[in-house]
Every structure is written in structure tokens, then in C-alpha cells.
Amino acid sequence: MTAFQGILMVFLIICAVSVSFSKNLLNSILIYMSFSLIMSMLWICLESPDLAITEAAVGAGITSVLFFVTLKKIHAIETAKPGKKEEKDSE
């Protein structure tokens, strides 16, 4: 195992632990995306480019987009409407 692969393995462990302790769903998805991208780099280091492309496309790409759409549908992500200012209660 090279030093680069060891560093990637440490980052994988950090991502796995931090996603389980994250309270914010949006942060959890972003950490999951980084986990998938690091894993795809590890697949490249292990000389398996087909798995790396699949991990990057499915893990970081499609699955994360589906998570974002789900959070939007359940109103966990609020988007600001262009041209409208958010009004704050002064009470």
C-alpha cells in the first residue's frame, strides 16, 4: 500500500464517521458524495477503472442527485424565490 492509498483510506474512515454524527441532512449528502469520490480514486489506485467510473457515476452522481431531490420534496431544503425578500418577524 502506498502512502497515497493510506491517506485515502484515512479520509474514507473520517467521512464514514462524520456522516454518522452529522445532524444536517444536506451536510450528510455532501459527505456521502466525498466518500464516493474518494472510493472511486481508490478503485483507480487498485487498477479497476470500470468500478471507479461506476462508483463516481452512481455513488457521487445519480444517488446524490436523488437525495437532493428527495430533500427538496420533503421541504428539508428551502430555496429562496428570485425577486422576493424574506421578511423577518420583528416581534
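The expected span of a helix is taken as 1.5 Å times one less than its number of residues. In this predicted model, that rule can be applied to helix α3, which covers residues 49-73. With 25 residues at 1.5 Å a residue, α3 should span 36 Å, and its end C-alpha atoms are placed 35 Å apart, so the expected and modelled lengths agree. The helix nevertheless carries a bend, of about 25°, which is located at Ser64. Ser64 also belongs to the buried residues of α3, a set that further comprises Ala52, Gly59, Ala60 and Leu71. The packing partner of these buried residues is helix α2, which runs over residues 25-45. Just after the end of α3, the backbone at His75 adopts a positive phi of about 60°.

A second link between α2 and α3 is provided by aromatic side chains. When the whole structure is searched, one aromatic pair is found. This pair is formed by Tyr32 and Phe67, whose rings lie 5.9 Å apart from centre to centre, with an angle of 75° between their planes, in an edge-to-face arrangement. Because Tyr32 lies in helix α2 and Phe67 in helix α3, the pair ties together parts of the chain that are 35 residues apart in sequence. Both partners fall in the partly exposed class, for which the relative accessible area lies between 20% and 50%; the value for Tyr32 is 29%, and that for Phe67 is 37%.

The loop between α2 and α3 contains Ser48. With a relative accessible area of 15%, Ser48 is classed as buried, because the limit for that class is under 20%. The side chain of Ser48 is joined to that of Asp50 by a polar contact of 3.1 Å, and Asp50 itself falls within the residue range 49-73 of α3.

On the other side of this loop, attention turns to Cys45, which is placed in helix α2. Cys45 is partly exposed, its relative accessible area being 26%. When neighbours within four places in sequence are left aside, the residues in contact with Cys45 are Phe4, Gln5 and Leu8. Cys45 and Thr2, although separated by 43 residues in sequence, are 9.3 Å apart in space when the distance is taken from C-alpha to C-alpha.

Key:
Residues numbered from 1 in each chain as written. Predicted model: local features only at pLDDT ≥ 70, side-chain atom pairs only at ≥ 80, totals over all residues. Heavy atoms only, no water. Helix = DSSP H or I, 4+ residues; strand = E, 2+ residues; numbered from the N terminus. Bend = angle between axes of the 7 residues up to and from the residue. Buried < 20%, exposed > 50% of the residue type's maximum accessible area, 1.4 Å probe, protein only. Contact = heavy atoms within 4.5 Å. Phe/Tyr/Trp six-rings, centres within 6.5 Å; stacked < 30°, edge-to-face > 60°. Polar contact = N/O pair within 3.5 Å; in protein donor to acceptor, adjacent residues only side chain to side chain.
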